[in-house]
Amino acid sequence: MRTRFAPSPTGLLHLGHAYSALLAWDRAQAEGGVFLLRIEDNDTQRCRPEYEAVCHEDLRWLGLSWPEPVMRLSDRRETYQAVIHDLINRGLAYPCACTRRDIQEALSAPQEGVSAPHLYPGTCRHRKGEYPQEGDAVRLDMAAALGSIQHPLTWEETGLGAGQHVLDPARLLQDHGDIVLMRKDIGTAAYHLSVVVDDAEQGITDVIRGADLAEATMLHRLLQAVLELPTPRYHHHRLIRDENGKRLAKRDDARAISLYRHEGASPAEIRAMVGL
């Protein structure tokens with residue numbers, strides 16, 4: 001068994017992060033497996049080395065350890081570029097120069113036969129076969145991707161909604177459309193692509209993450225099939241919320257692990273706070 005915790009160093013880790021990391025650690029330990037740390041630093045505008053340093057300190061204080069070196073997304077741009085070029089060559093992705101304003105204007109215009117007007121309208125789909133230029137994002141041609149693989153696609157869930165799940169192609173088209181695989185603002189892989197490629201690269205057998213990412217599993221399962229990558233088991237857990245029922249965010253420093261640590265809390269007390 002190989003689990004991972006993959007934070008983005010855009011702020012201080014909070015109790016929700018502690019819960020997810022401890023679950024992944026506990027499961028690996030119980031099975032004699034390996035726990036990995038991965039740093040998802042693909043947001044160059046908000047990621048900070050000081051947040052990454054505190055992340056390491058917090059996790060070690062909680063009693064977690066992991067093999068070195070730690071995988072960092074910023075070191076893997078050539079890998080993601082190669083995947084993007086492969087998808088473009090296969091007619092499954094295309095560059096997109098549309099700005100948010102372009103998309104909003106296109107969506108506000110009458111669209112004959114469009115059943116989901118909130119989705120990207122395919123303005124740049126005619127650019128299939130081209131490689132991205134400076135300022136381009138890259139999108140998945142969802143219909144082409146769904147048509148390129150054998151159905152049904154399934155995955156196993158061991159957390160919330162436990163059981164065998166089956167991908168619904170119609171729902172993917174209706175709810176997600178042509179998702180972004182590479183973001184124009186930073187020129188590197190978007191989350192949906194990088195997480196699938198990196199989980200496969202690290203041999204992750206069990207993905208343990210919050211319930212807020214359960215919906216994304218359909219997209220990840222499709223990309224795994226398109227890229228001929230293995231499918232791990234998924235365990236989506238409850239979210240840690242404040243006294244008002246609001247999910248925790250990195251801007252909520254009052255529940256930062258480092259703050260509890262500096263105020264004299266023990267790792268055992270953190271476990272108790274999150275219900276472990």
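When I say that a helix is in contact with a strand, I mean that heavy atoms of the two come within 4.5 Å of each other, and when I give an angle, it is taken between N-to-C directions, on a scale from 0 to 180 degrees. Please keep in mind throughout that what we are looking at is a predicted model.

Let me start with the sheet near the beginning of the chain. It is an open sheet of three strands, in the order β1-β2-β3, and the pairing is parallel. The strands at its edges are β1, residues 2-5, and β3, residues 71-72, each of which pairs on one side only. Strand β2, which covers residues 34-39, is joined to β3 by two bridges, and in that pairing Ile 39 stands opposite Arg 72.

Two helices lie across these strands. Helix α1, residues 15-30, lies across β1 and β2 and runs at about 165° to β1, while helix α2, residues 49-61, lies across β1, β2 and β3 and runs at about 160° to β2.

Now let me move further along the chain, to helix α7, residues 191-201. How many of its 11 residues are buried? Eight of them are, so to speak, under cover, and the helix is mostly covered; among the buried ones are His 192, Leu 193, Asp 198 and Asp 199. Just after α7 we meet Gly 203, which takes a positive phi of about 65°.

After that comes strand β9, residues 206-210, which pairs with β10 in the parallel sense over five bridges; one example is Asp 206, whose bridge partner in β10 is Arg 233. Strand β10 itself, residues 233-237, has four of its five residues buried, and therefore it is largely enclosed by the rest of the structure.

I would like to finish with one residue of β9, namely Arg 209. Which side chain of opposite charge is nearest to Arg 209, and how far away is it? The answer is Asp 199, at 5.5 Å, and because a salt bridge has to fall within 4 Å, that distance does not qualify, which leaves Arg 209 buried yet without a salt bridge. Asp 199, you may recall, is one of the buried residues of α7. The side chain of Arg 209 does, however, have a polar contact of 3.1 Å with the side chain of Thr 217. Leaving aside neighbours within four places in sequence, the residues in contact with Arg 209 include Arg 4, Ser 20, Tyr 191, His 220 and, from further along, Tyr 234, His 235, His 236 and His 237.

Terms used. Residues numbered from 1 in each chain as written. Predicted model: local features only at pLDDT ≥ 70, side-chain atom pairs only at ≥ 80, totals over all residues. Heavy atoms only, no water. Buried < 20%, exposed > 50% of the residue type's maximum accessible area, 1.4 Å probe, protein only. Lys, Arg positive; Asp, Glu negative; His and termini not counted. Polar contact = N/O pair within 3.5 Å; in protein donor to acceptor, adjacent residues only side chain to side chain. Pairing = 2+ DSSP bridges.
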